[in-house]
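Biologist: I've got a chain on my screen and some questions about how it folds. Could you walk me through it?

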Amino acid sequence: MNVSDALLKMVRCSAGNRHDIDHFLKVYAYARTIAEGEGVPPEVRRTVELAAVVHDIACPLCREKYGGTSGKHQERESAPLLRQFFQGTDIDGETLDRVVYLVEHHHTYTGVEGLDHQILIEADYLVNAGESGYGEENIRRALETVFKTGTGRALLRAAYPGT
């Protein structure tokens with residue numbers, strides 16, 4: 001499955017929820033931009049792009065089951081949904097396991113394992129900051145403690161020039 005096919009499938013799975021669709025498309029765009037800016041190899045870029053597309057796959061279930069989409073609930077509920085989403089595709093086991101790992105940890109900012117994990121965290125934060133109206137102090141703290149890639153840091157500074 002290529003990234004375009006995953007995007008289309010995820011849009012269909014979103015059942016017209018424009019917020020969810022807009023969110024994962026923005027995260028995907030940032031993840032792709034950061035990955036390209038950091039010069040990651042094509043196979044790593046594909047993995048992080050796939051993870052960006054499906055990173056919030058558990059949100060509809062979490063809304064129904066828990067009444068909200070807390071990051072920890074998303075991380076806990078995502079694996080079976082991801083395995084079902086990619087079932088019958090040509091995604092190899094290693095790539096699928098990595099996508100599952102990334103999605104299961106996309107709200108975990110400590111113990112980041114790998115550049116792909118770092119990129120997904122930064123891309124999601126960039127989008128969440130705008131959608132949730134994070135204040136300058138939150139953004140400044142994220143710049144100091146969360147953002148590690150040069151491209152992600154440059155994007156955050158450009159989007160929030162006061163930080």
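Biologist: Let's start with one residue: is Ala129 buried or exposed?

Modeller: Keep in mind that this is a predicted model. Ala129 sits in helix α7, which covers residues 115-132. The cut-off for buried is under 20% relative accessible area. Ala129 has a relative accessible area of 2%, so Ala129 is buried.

Biologist: Leaving aside neighbours within four places in sequence, which residues is Ala129 in contact with?

Modeller: For a sense of place, Ala129 and Lys26 are 103 residues apart in sequence, yet 12 Å apart in space, C-alpha to C-alpha. With neighbours within four places set aside, the contacts of Ala129 are Tyr134, Ile139 and Tyr160.

Biologist: What about Glu49, does that count as buried or exposed?

Modeller: Glu49 belongs to helix α3, residues 42-54. Not counting residues up to four places away in sequence, Glu49 touches Val3, Tyr28 and Arg32. Its relative accessibility is 3%, and anything under 20% gets the label. So Glu49 counts as buried.

Biologist: How do the axes of α2 and α9 lie to each other: oblique or roughly parallel?

Modeller: Helix α2 is residues 18-37 and helix α9 is residues 150-159, and their axes come within 8 Å. They cross at roughly 130°. Roughly antiparallel would take an angle over 145 degrees, and roughly perpendicular runs from 65 to 115. The two helices are therefore oblique.

Biologist: How many residues of the contact of α2 with α9 are charged?

Modeller: On the α2 side there are Tyr30, Thr33, Ile34 and Gly37, and they meet Thr151, Gly152 and Leu155 in α9. Sorted by type, that contact has three nonpolar and four polar residues, and the number charged is no residues at all.

Biologist: Zooming out, how many helices and strands does the protein have?

Modeller: Reading along the sequence, the pattern goes α-α-α-α-α-α-α-α-α. That comes to nine helices and zero strands.

Biologist: And what radius of gyration does the protein have?

Modeller: The C-alpha trace spans about 45 × 40 × 30 Å along its principal axes. Of the 163 residues, 44% count as buried. A compact globule with 163 residues would have a radius of gyration near 15 Å, and the protein agrees with that, at 15 Å.

Biologist: Last one: how much of the exposed area do carbon and sulfur atoms supply?

Modeller: The protein exposes about 7900 Å². Of that area, the share from carbon and sulfur atoms is 51%.

Definitions and conventions: Residues numbered from 1 in each chain as written. Predicted model: local features only at pLDDT ≥ 70, side-chain atom pairs only at ≥ 80, totals over all residues. Heavy atoms only, no water. Axes fitted to C-alpha atoms, helices over the stretch in contact; angles between N-to-C directions. Helix = DSSP H or I, 4+ residues; strand = E, 2+ residues; numbered from the N terminus. Parallel < 35°, antiparallel > 145°, perpendicular 65-115°, else oblique. Contact = heavy atoms within 4.5 Å. Nonpolar A, V, L, I, M, F, W, Y, C, P; charged D, E, K, R; others polar. Rg over C-alpha atoms; globule rule 2.2 N^0.38 Å. Buried < 20%, exposed > 50% of the residue type's maximum accessible area, 1.4 Å probe, protein only. Areas by Shrake-Rupley, 256 points an atom, 1.4 Å probe, with all protein chains shown as cover.
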